[in-house]
Structure formats: structure tokens, C-alpha cells
Amino acid sequence: MAEENGSVASSALVSDLPVKRSREGEILSDNNNEKGISVEMVEDSKVPECISSVIPGWFSEISPMWPGEAHSLKVEKILFQGKSDYQNIMIFQSSTYGKVLVLDGVIQVTERDECAYQEMIAHLPLCSIPNPKKVLVIGGGDGGVLREVSRHSSVEQIDICEIDGMVVDVCKQFFPDLAVGYEDPRVNLHVGDGVAFLKAVPEGTYDAVIVDSSDPIGPAQELFEKPFFESVAKALRPGGVVCTQAESIWLHMHIIEDIVSNCRQIFKGSVNYAWTTVPTYPRQASLITKFQIGVIGFMLCSTAGPPVDFKHPVNPIDDDDSQKAPLKFYNKQIHSAAFCLPSFAKKVIDSKSK
């Protein structure tokens, strides 16, 4: 998601919240500049809209994707605030979830729960086919998906196409445990439009395509449309697989219905929906527990060719590499369980197969 050479369109690195504190006459700040990115202090008038004006010092995630509700995290320090050619980018240190990446006011990554998303979106497809060799990642500028793909020793080539180079740059600076994925020599970074990149890919190039997109508004909108899925199918070998971020069953069944309908028309192998829990992703409050449980889904499809049974993994992960951090979330049992849907979602998704 910024230019590969590290140039930044507009950025600010600040060491404390640019909001008024109750009982404090001024904002505390320092001028410690973290490596690489130029510093411009943020004035009070430039407070991001997603910083709550009701409770100063709290980030509130407000989006048309989940009307009538919001999720808030206490902010200890804003680390980066900038605007790329595509979106507003903010990184802050939270009290409970570590560092947090926010794009256009929507949480993309937190250090605490990123494993539940990165591990599942990568290993659900790659563990479902034997010996994947060529993998394409669309989006995923933070590098977390690359980190997980690199666990598979059979993979020889990992291409990533990220539209916003600034996201790549700031994640390398602030999220080294995610961006470590870029250090793998098999990785080839392409900064540009994923839709255009796919159209130029020769037919049957990849064993797997992983689409780590943000929500279907702004620069990611095209990644949810039928022509994009057609390009993905063309880029896959017979029996190749795709896994794409596919929203929340609690909030976006209308979007999921469209995705399922399009995929069943395009992919002539398997078409399945899986889900995982990520506390800081689109959420539904439980009246019983009063906790907000974040849920995000994945669409997994295969092209015609060797059959793919996504529900039963056939390709174990190389998790004995002492140079890599151990898996925190994914295992064989949770792989199969991810395809067990609640009745209301199963009914809708199954109806699209008829």
C-alpha cells in the first residue's frame, strides 16, 4: 500500500494524543523521531475523526459497514498519522491490544489478535492442497500473510501486489513481527493495483491466490466484484485455490450472498465459506456475556481439476522451524471447525448453491 522506495505522501509522527485532556492545560509530547519518516507535529485541529470527541483518549471505530455501533480502544500514544494517495493511515499504541493499524478509520491489524486472521487466511487454502509452489497475495501490505505463507517449504515463489506503498513502509517500521514476511527471499513485492496485476498474469500461473483486502469501500471495492474473481480463476492452475476476506456473517450477509453467488458461477471446483474470531474485527455484542465477539469470514474456492476438500487439510505446516515464531492460532482441528456455520448463515449460503 506506499512507494516501494519508501517515499511518503504525507505523514506525522507524534508521541501523544493530539486531544485535550481533562484537568490538563496542555498536551504532553516529545520529539523522538522513529527511524526513516519525517516528522510533523499534529495540531488539535487535525485530530482524526475516529478519535472519540466524547471520551478523549479513546479510538472509536465508526463505519457505514456497521451502522449503529462502534468499537473503542483506549489510546496510549499516536505513533503515526498520514495520508497516502489512497487512504488515511494511523498507527497508535493501545492499552490492551498493542500497536494498532487503522486505514480510513477502520482497524486492520492489532498486535494482540492478528494471528487469528493472518494464520487462517493463509493456512486454510495452503493446507488444503498438496505442495503449493507459486502463491500470489493481493493486498496484505502489513506483511502478515507473507509471514505465514513462508512457513510452507514447498512454496518457491511468493508474489504480493499491494496498492498502497505507504502501508508497506509504515508496517516495516512499526510492525516488524508482521513485516518480517518481506525478508523471505522468495517474496517479490509489486506496488500497484491488484486488479490490473491479475489481468496481466498468464493463465494458470498460481497454485494459490490469497486476497487480504479491506472492506468493499474505497480502494478495495473492486476486489469484491465478479470481474475480479474471473481474473483470479484465470490466474489459477487446474485445482488451484483462492481464499479471500469475506466479511462478517453477523453484519454483512447481503455482501456474502453476492460473493457466494459470483463464486459459484465462476469456480467449478469447490466453493466454501469459513470463519474465525478476531476480537477487533466486525463484531456482534452478546447479550449473555456482554462481550463483543469479532467475527470475520473467508471465501475459499477451487478451479476445476484435481478435487479440493477444504474441510480436511492434506498439507501440514512446517511448524518446527526454530527460526520462525510458533503458530498461535491455527491447527488441524480449528481448520475443519472453521467451516461449521451457524444455522442462519448455512441456510443462506447453501441456498446459493441451488
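Strands are DSSP runs of E with at least two residues and helices are runs of H or I with at least four, numbered from the N terminus. The model is predicted, so local features need pLDDT of at least 70 and side-chain atom pairs count only at pLDDT 80 or more, whereas totals for chains, interfaces and linings use all residues. Residues are numbered from 1 along each chain as its sequence is written, and side-chain values use heavy atoms, with hydrogens and water left out.

Asp 212 lies in strand E10 (residues 206–212). The UniProt annotation "active site", from an unreviewed entry, covers Asp 212; such annotations may be inferred rather than shown by experiment. With a relative accessibility of 8%, Asp 212 is buried (under 20% relative accessible area, 1.4 Å probe, protein chains only). Residues in contact with Asp 212, leaving aside those up to four places away in sequence, include Gln 118, Ile 138 and Asp 142, where contact means heavy atoms within 4.5 Å. The side chains of Asp 212 and Tyr 117 form a polar contact at 2.6 Å (a pair of N or O atoms within 3.5 Å, one able to donate a hydrogen and the other to accept it).

Glu 162 belongs to strand E8 (residues 157–162) and is buried, at 1% relative accessible area. Its C-alpha atom is separated by 5.8 Å from that of Gly 192, 30 residues apart along the chain.

Residues of helix H6, among them Phe 229 and Ala 233, meet residues of helix H7, including Ile 259 and Cys 263.

Definitions and conventions: Buried < 20%, exposed > 50% of the residue type's maximum accessible area, 1.4 Å probe, protein only.
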